[in-house]
Amino acid sequence: MTKYDVSALGELLIDFTQSGLSSQGNPLFEANPGGAPCNVLAMLEKLGRKTNFIGKVGDDAFGGQLEAALKETGISTEGLVKDKDVHTTLALVAKLPNGDRDFSFYRKPGADMMLTADEVKTELIENAKIFHFGTLSLTDEPVKSATHKAVETAEKAGCVLSFDPNLREPLWNSLDEAHEQVEWGLNHCHVLKISDNEVVWFTGKQDYEEGMQAILKAHPGIVLADLSMGADGSRSYYHGTRAAEVPAFLQEGTIETTGAGDTFCANILNGVLEYGLENLDEKKIEGMLTFANAAASLVTTRKGALRVMPSREEVEAFIASRS
């Protein structure tokens with residue numbers, strides 16, 4: 001019997017998000033708990049799922065803050081390791097005039113990079129239905145080897161594997177290396193969450209449909225692929241065929257987009273848990289996309305992500321208010 005619905009490995013860090021100016025006109029930054037894998041798990045916990053996180057933070061004040069945030073949200077910390085020598089990874093997230101984000105990372109090295117293969121508690125993966133990972137744990141050793149071990153464990157255990165490229169260009173020595181690692185991830189997943197800009201970058205095709213078809217043709221192991229397109233909504237592909245497209249829930253209260261893609265991803269995984277990966281149809285997928293888009297829209301009206309994920313009731317009420 002499985003103990004967890006979703007196990008995830010990757011980065012857990014502090015997102016310093018800009019929150020106004022001081023009396024002297026200097027930018028003020030708020031220390032929000034973050035990291036894509038844990039954002040995904042936090043949303044799943046809100047939906048009543050049982051989750052655990054595998055990763056490393058520094059044995060410092062920020063590491064303590066992050067551990068407390070996981071416990072507060074209900075995410076199991078059985079797989080969390082603390083590094084006495086390397087500090088917790090930090091990211092400064094500045095908002096650009098067009099509403100997008102600019103990331104500056106303090107990670108040379110950061111504690112999330114230092115997780116070793118030996119520190120991966122494989123039972124946390126073997127006892128999960130879904131294993132989720134991204135590429136930030138593929139940028140450097142030793143966490144790259146830890147990720148490989150975790151993915152191999154998940155495959156042997158018969159888990160559904162979920163992958164989000166989550167491209168952060170400043171963290172790669174070269175984009176060629178990033179491309180290689182995204183390719184590796186695509187070869188080891190059943191569920192893919194990918195953004196429009198990542199499709200264009202990875203395939204070189206400006207047309208999203210052409211790009212997605214190229215990815216799916218080259219990686220037939222992907223059963224469900226979900227494309228997030230920001231203000232243009234989202235699309236889903238099932239067994240290589242476009243299954244549904246749903247518009248975004250746009251609203252004037254948007255503050256920032258941090259965590260929106262992770263929220264979207266979590267709700268797709270919740271749908272997979274609810275229906276089963278091989279029991280989907282157009283109506284179910286459309287419902288999953290609608291719920292995922294709505295939840296992501298709500299998160300854009302809040303600062304941070306991990307601690308402010310919406311409840312099922314909030315999402316349902318929001319959808320009802322727009323229908």
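**Exercise 1. How many of the seven residues of strand β8 (residues 128–134) are buried?**

Before we start: this is a predicted model, in which local features need pLDDT of at least 70 and side-chain atom pairs count only at pLDDT 80 or more, while totals for chains, interfaces and linings use all residues. Residues are numbered from 1 along each chain as its sequence is written, and side-chain values use heavy atoms, with hydrogens and water left out.

*Step 1.* Get the words straight. Helices (H or I, at least four residues) and strands (E, at least two) are DSSP runs, numbered from the N terminus. Buried means under 20% relative accessible area, exposed means over 50%, and partly exposed lies in between (1.4 Å probe, protein chains only).

*Step 2.* Now count: six of the seven residues of β8 are buried, so the strand is mostly covered.

**Exercise 2. Find the strands that pair with β8, and follow His132 across them.**

*Step 1.* Two strands pair if DSSP finds at least two bridges between them. β1 (4–9) and β8 pair in the parallel sense over four bridges. β8 and β9 (160–164) do so in the parallel sense too, over five bridges.

*Step 2.* Take His132 in β8, which is the bridge partner of Ala8. Over in β9, the bridge partner of His132 is Ser162.

*Step 3.* Add the helix: β8, helix α4 (residues 143–157) and β9 make a right-handed β-α-β unit. Right-handed means that, with the strands pointing away from you, the path from the first strand over the helix to the second runs clockwise.

**Exercise 3. Work out which side of helix α2 (61–73) is covered.**

*Step 1.* Check the length. The expected span is 1.5 Å times one less than the number of residues. For the 13 residues of α2 that gives 18 Å, and the end C-alpha atoms are 19 Å apart, which agrees.

*Step 2.* List the buried residues of α2: Gly63, Leu66, Ala69, Leu70 and Thr73. They cover an arc of only 120 degrees around the axis, so they sit on the same side of α2. (The arc is that of the directions from the helix axis to the C-beta atoms.)

*Step 3.* Flip to the face turned away from that buried side, and you meet the exposed residues Ala61, Lys71 and Glu72.

*Step 4.* See what the buried residues pack against: β2 (13–21), β3 (27–34), α1 (36–46), β4 and β5. Contact here means heavy atoms within 4.5 Å.

**Exercise 4. Track down salt bridges that link distant parts of the chain.**

*Step 1.* Side chains of opposite charge can pair when their charged atoms come close. A salt bridge is a side-chain nitrogen of Lys or Arg within 4 Å of a carboxyl oxygen of Asp or Glu. The whole structure has 16 of them.

*Step 2.* Start with Lys3 and Glu78, whose side chains meet at 3.4 Å, N to O. Lys3 lies in the segment before β1 and Glu78 in strand β5 (residues 76–83), 75 residues apart. Glu78 is partly exposed, at 36% relative accessibility.

*Step 3.* Next comes Asp59 with Lys84, the closest N and O atoms being 3.2 Å apart. Asp59 is in the loop between β4 and α2, and Lys84 in the loop between β5 and β6 (90–95), 25 residues apart. Asp59 is partly exposed at 42%, whereas Lys84, at 71%, counts as exposed.

*Step 4.* Go back to α2: its Glu67 meets Lys82 in a salt bridge of 2.8 Å, N to O. Lys82 belongs to strand β5, 15 residues apart from Glu67.
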